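Welcome! Open your viewer, get comfortable with rotating and selecting, and follow along one stop at a time.

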Amino acid sequence: MSNEQQGFARTLSHRHVAMIALGGTIGTGLFLGAGSSIEKAGPAILLVYIITGLFVFAMMRALGELLISDDSKPVFIDFMTQYLGKKAGFVLGWTYWIGWIVIAMTELTAIGTYMHYWFPSMPTWPWELAFLVVLYLVNVIAVKAFGEAEFWFSMIKIIAIIAMIATGLILAFGQVKTEMGKTEFATLWSHGLIANHGKTLLAAFQMAFFSFLGVEFVGVTAAETKDPLQTIPKAVNSIVIRILIFYIGALSAIMIIQPWTNYQAGESPFVQVFSGIGIQSAAALINFVVLTAAASAINSAFFTTGRMLFSLAGPKSRFGRLDKNQIPRSAINLSTFIVGLSVVVNYFFPTDAFHLISSTASAAFLIIYMALMVTHVIFKKQQKEGTLERVAGFKLPFAPFSNYLTIAFLALIFILMLFSQATMFTTILAVIWLAIMTSLAFIKKI
């Protein structure tokens, strides 16, 4: 049965969507990558996250306004097709789909690495296959099963961050002495407010932005959410609070417990902090947290790619149909099969190849986010009276000025990637991919 005949099951509650939105903003970028961010910016990383977070919030408000204007669309890419044209929808849709496929492949590879920490004598592929099967079953049993899994994956990440913040506050208020000296709030600024005289500050913006990749995932759940007109706005509006508590709070605690000059790329600040206060199992605990973060990313990828393929294929294709549980099972099957190839490919090719492709996908996401803001501008110009009433209480503040400012910020991140030695090649690959897909759209006369 097609989506028009049957429709998606609206079984995701506010509790699920709130955690899905939260999980989309917290990943390995914070748990493993914060050391590199702090090294590049120092305490100024807090300001970097606040500025980046405001632009991410603007993007999400634009997305939220689109979603509540028509909550029947399976994925937010459908709005791009409507307002930017079928060719743009084709290019951006397949780019988003392949982006999540590659991210899932990379995270599946990472799961093998994380499990190797506890079972060094075992090969990694059985663990990768086991996680693949379990997460696939979660996605095809029922939408509610996916929501519950994502709820608990997010809860584990939240507990780890709250533990970090609580540790920082307790040590600072008690001025507890550790192996690094007395813990006090002044440690945050006493070693300087900015690293490297500001020379690497722009690079920190790039890293902060990538910490938020996946925040738009809530835009794929709208068609399967109970009371989307209430749930989606609440989830979007809570983003600012989440940024302040989880990113600003955690990073502040990290730099209060130990001087920011102690942190560097390649080592998790969470492991350093918990080890420094005598928790010998710190590395194992953080390994467990990033393992759940990777599983959460794959879980989200199966959900997203299934809905994306369902939308792109159309009702005439077997991939554009729902099963009796109102799930696009055939689309999920194909996406899972492709992701599962990483188990085989990993055996023959270096892991670095996946990280290279993943970086390319990340660069392409910037294009999708910019296109989202352009879509919102056109939507505002074309919206009808009925739509005006529907979105009256949930508008992007200061539009279209905020649209253009956000696009400029995203373009700056893209330019930084293009001229950064570490990301230049992958950014060029993303441009080449987009050029190929655009050519294909014209050849197929879409």
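Is Arg-15 buried, partly exposed or exposed? Select Arg-15 and show its side chain to take a look: with a relative accessible area of 36%, Arg-15 is partly exposed. Keep in mind as you go that this is a predicted model.

**Stop 1: around Arg-15**

Arg-15 sits in helix H1, which covers residues 14-23. Leaving aside residues up to four places away in sequence, Arg-15 touches Glu-148 and Phe-151, so add those two to your selection. Now pick Ile-446 as well and draw a line between the C-alpha atoms: Arg-15 and Ile-446 are 39 Å apart in space, with their positions 431 residues apart in sequence.

**Stop 2: the whole chain**

Zoom out and switch to a cartoon view. You will find 18 helices and 2 strands. The radius of gyration is 22 Å, close to the 22 Å that the globule rule gives for 446 residues, so the chain is as compact as a globular protein of that length. Along the principal axes, the C-alpha atoms fill a box of roughly 65 × 55 × 40 Å.

How much of the chain counts as buried? Of the 446 residues, 56% do. Turn on the surface to see the outside: the chain exposes about 18700 Å², and carbon and sulfur atoms supply 68% of that area. Among contacts between residues at least 6 apart in sequence, 82% join residues at least 24 apart.

**Stop 3: colour by confidence**

Next, colour the model by pLDDT. The chain averages 86, and 92% of the residues score at least 70. Where is confidence highest, and where is it lowest? Select helix H17 (residues 401-419) for the high end, at a mean of 95, then helix H16 (residues 385-390) for the low end, at 64. Also look at residues 1-5, where pLDDT stays under 50; for this stretch the model has 12 contacts beyond four places in sequence.

**Stop 4: a nonpolar patch**

Keep the surface on and select Leu-47, Ile-50, Leu-54, Ile-241, Leu-244 and Ile-245. Together they form a nonpolar patch on the surface, with about 550 Å² of accessible area. Helix H4 (45-69) and helix H11 (239-257) are the elements that give two or more residues to this patch. Click on Leu-47, which lies in helix H4: its relative accessible area is 53%, and Leu-47 counts as exposed.

**Stop 5: salt bridges**

Hide the surface and show side chains as sticks. The chain has 4 salt bridges, and we will visit some of them.

Begin with Asp-70 and Lys-73, whose closest N and O atoms are 2.6 Å apart. Asp-70 is partly exposed, at 24% relative accessible area, whereas Lys-73 is buried, at 16%.

Now move to Glu-224 and Arg-307, another salt bridge, with the closest N and O atoms 2.8 Å apart. Why does this pair tie together parts that are 83 residues apart in sequence? Glu-224 lies in the loop between helix H9 (201-211) and helix H10 (228-237), while Arg-307 lies in helix H13 (residues 282-313), so the bridge links those two places. Glu-224 is buried, with 0% relative accessibility, and Arg-307 is buried too, at 0%.

Finally, select Arg-329 and Asp-323, whose side chains meet in a salt bridge at 3.0 Å, N to O. Arg-329 is partly exposed at 30% relative accessibility, and Asp-323 is buried at 16%.

**Stop 6: backbone surprises**

Most residues other than glycine have a negative phi, and most peptide bonds are trans. With that in mind, which two residues are joined by a cis peptide bond? Select Ala-399 and Pro-400: the omega of their bond is about 5°. Pro-400 is in the loop between H16 and H17.

Then go to Asn-196, in the loop between strand E2 (181-182) and H9. Its phi is near 55°, a positive value in a residue other than glycine. Asn-196 is partly exposed, at 42% relative accessibility. Step along to His-197, also found in the loop between E2 and H9. His-197 has a positive phi of about 55° although it is not a glycine, and at 76% relative accessibility His-197 counts as exposed.

How values were computed: Residues numbered from 1 in each chain as written. Predicted model: local features only at pLDDT ≥ 70, side-chain atom pairs only at ≥ 80, totals over all residues. Heavy atoms only, no water. Patch = residues over 30% accessible without salt bridge, like charges linked within 9 Å, V, L, I, M, F, W, Y side chains within 5 Å. Areas by Shrake-Rupley, 256 points an atom, 1.4 Å probe, with all protein chains shown as cover. Helix = DSSP H or I, 4+ residues; strand = E, 2+ residues; numbered from the N terminus. Buried < 20%, exposed > 50% of the residue type's maximum accessible area, 1.4 Å probe, protein only. Rg over C-alpha atoms; globule rule 2.2 N^0.38 Å. Contact = heavy atoms within 4.5 Å. pLDDT = per-residue confidence, 0-100.
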